[in-house]
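The following exercises concern a single protein model. Each task is followed by a solution that proceeds step by step.

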Amino acid sequence: MWCYRGGSISTEPRINDRIRVPEVRLVGPSGEQVGIVPLAKALELAQEYDLDLVEVAASARPPVCKLMDYGKFKYESAMKAREARKNQAHTVIKEMKLRPKIDPHDYDTKKGHVVRFLKQGDKVKITIMFRGREQSRPELGYRLLQRLASDVEDLGFIESNPKQDGRNMIMVLGPHKKKTEAMAEAREAQAVRKAEAKANPGKSQNAAEIDGVDGVDEDIIDDVDTDDDVDIAEETAEAPAPASAEV
C-alpha cells in the first residue's frame with residue numbers, strides 16, 4: 001500500500017546526473033542554440049567547459065538544458081531577490097489618537113508625529129476619542145481634524161473623510177510622497193550622515209544621542225502593516241455639521 005511520508009518537494013532545477021531523460025535541447029554557455037543532443041553528449045560538453053548542465057525548462061519536449069556555472073547562478077539569483085526585497089515598499093498605516101480638548105502643546109507634539117509619518121510615505125489614521133459629555137459635541141472633533149488636515153496639507157491629503165465610529169471620530173490622511181520615494185530619500189540621507197560621521201568622528205556620538213531623543217509615545221501610536229493594495233474605503237457622507245454653540 002502506497003503511503004506519502006510528507007517529504008519536501010524541491011523547487012530547484014535538476015542538474016547534471018539528476019537529469020533523467022534520453023535527450024535534451026541544449027543551450028550553450030553564451031546562449032547559443034546547440035540543438036537536440038543525447039544526454040550523454042550534453043554531460044560530456046559540460047565537463048569540457050567545466051560547467052554544469054542545468055535543466056531550465058523541464059516541461060518542454062525535449063527538456064531545455066543550459067551549460068552554466070550553477071553556483072554562480074544561484075548566488076546572483078539570491079542577490080537579485082535580496083535587492084528586490086530591499087526596494088519593496090509596504091504600505092503602513094500609523095495611528096494617532098487625540099482628545100477633542102487637547103492642550104496646544106500636546107497638539108503640536110502629535111502634529112509633529114503626523115508630519116514625520118507623512119514624510120516617510122505612510123498613511124496616518126487620526127482618531128478623536130470622546131468621553132462623557134464630549135460625545136454630544138462631535139463638532140469639536142470635526143474641527144480638530146479639519147485643523148490638523150489643514151496644517152499638514154503640504155505633506156498629505158484627506159484620504160478618508162471624518163466619520164463617527166461609536167465614541168470615536170476617525171479620519172485617514174494619505175501622503176503626497178510615495179513610499180518608494182521616501183525610502184530612497186531616507187537611504188540618501190543616511191549615506192550623507194555616514195559620510196559626515198566618517199569625516200568628523202568627534203561629532204558622530206552627539207548625532208547619535210540626538211537621534212535617540214526622537215522617541216514616540218507607544219501608548220498613543222500603533223503601527224499596522226498592510227499590503228501595497230490596501231484600500232481604505234472613503235466615506236462620501238457629509239461630516240457632522242458644526243453646532244451653533246461656541247467652542
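**Exercise 1. Determine the share of long-range contacts and the overall make-up of the chain.**

Solution. Of the contacts in the protein chain between residues at least 6 apart in sequence, 64% join residues at least 24 apart; contact means heavy atoms within 4.5 Å. The model is predicted, so that local features need pLDDT of at least 70 and side-chain atom pairs count only at pLDDT 80 or more, while totals for chains, interfaces and linings use all residues. Residues are numbered from 1 along each chain as its sequence is written, and side-chain values use heavy atoms, with hydrogens and water left out. The protein chain has 6 helices and 9 strands, taken as DSSP runs numbered from the N terminus (helices H or I, at least four residues; strands E, at least two). Buried residues account for 30% of its 247 residues, where buried means under 20% relative accessible area, exposed over 50% and partly exposed in between (1.4 Å probe, protein chains only).

**Exercise 2. Describe the open sheet of 4 strands and the helix that lies across it.**

Solution. Begin with the order: the 4 strands run 2-1-4-3 in an open sheet of mixed pairing; two strands pair if DSSP finds at least two bridges between them. Strand 2 (33–38) and strand 3 (52–57) stand at the edges with a single partner strand each, so one side of each lacks a neighbour in the sheet. From one strand to the next, the twist averages 35 degrees; axes are lines fitted to C-alpha atoms, for helices over the stretch in contact, and angles run from 0 to 180 degrees between N-to-C directions. Next, strand 1 (residues 23–27) and strand 4 (residues 64–68) pair in the parallel sense over 3 bridges, with Arg-25 opposite Val-64 in strand 4. Finally, helix 1 (residues 39–49) lies across strand 1, strand 2, strand 3 and strand 4, at about 125 degrees to strand 2.

**Exercise 3. Classify the aromatic pair of the structure.**

Solution. The structure holds 1 aromatic pair; rings of Phe, Tyr and Trp (its six-membered ring) pair if their centres lie within 6.5 Å, and planes under 30 degrees apart count as stacked, over 60 as edge-to-face and the rest as tilted. The ring centres of Tyr-70 and Phe-73 are 6.2 Å apart and their planes stand at 25 degrees, so the pair is stacked. Both residues belong to helix 2 (residues 70–87), 3 residues apart, about one turn of the helix. Tyr-70 is buried at 9% relative accessibility, whereas Phe-73 is partly exposed at 38%.

**Exercise 4. Locate Thr-127 and establish its surroundings.**

Solution. Thr-127 is found in strand 6. Its relative accessibility is 4%, and therefore it counts as buried. Strand 5 and strand 6 pair in the parallel sense over 6 bridges, and Lys-97 stands opposite Thr-127. Beyond neighbours within four places in sequence, the contacts of Thr-127 include Glu-95, Met-96, Leu-98 and Met-169. In strand 5, 6 of the 7 residues are buried, so this strand is largely enclosed by the rest of the structure.

**Exercise 5. Identify what the buried residues of helix 4 pack against.**

Solution. The buried residues in helix 4 are Glu-139, Leu-140, Gly-141, Leu-144, Leu-145, Leu-148 and Ala-149. The buried residues of this helix pack against strand 5 (92–98), helix 3 (104–119), strand 6 (123–129), strand 7 (156–165) and strand 8 (168–175).
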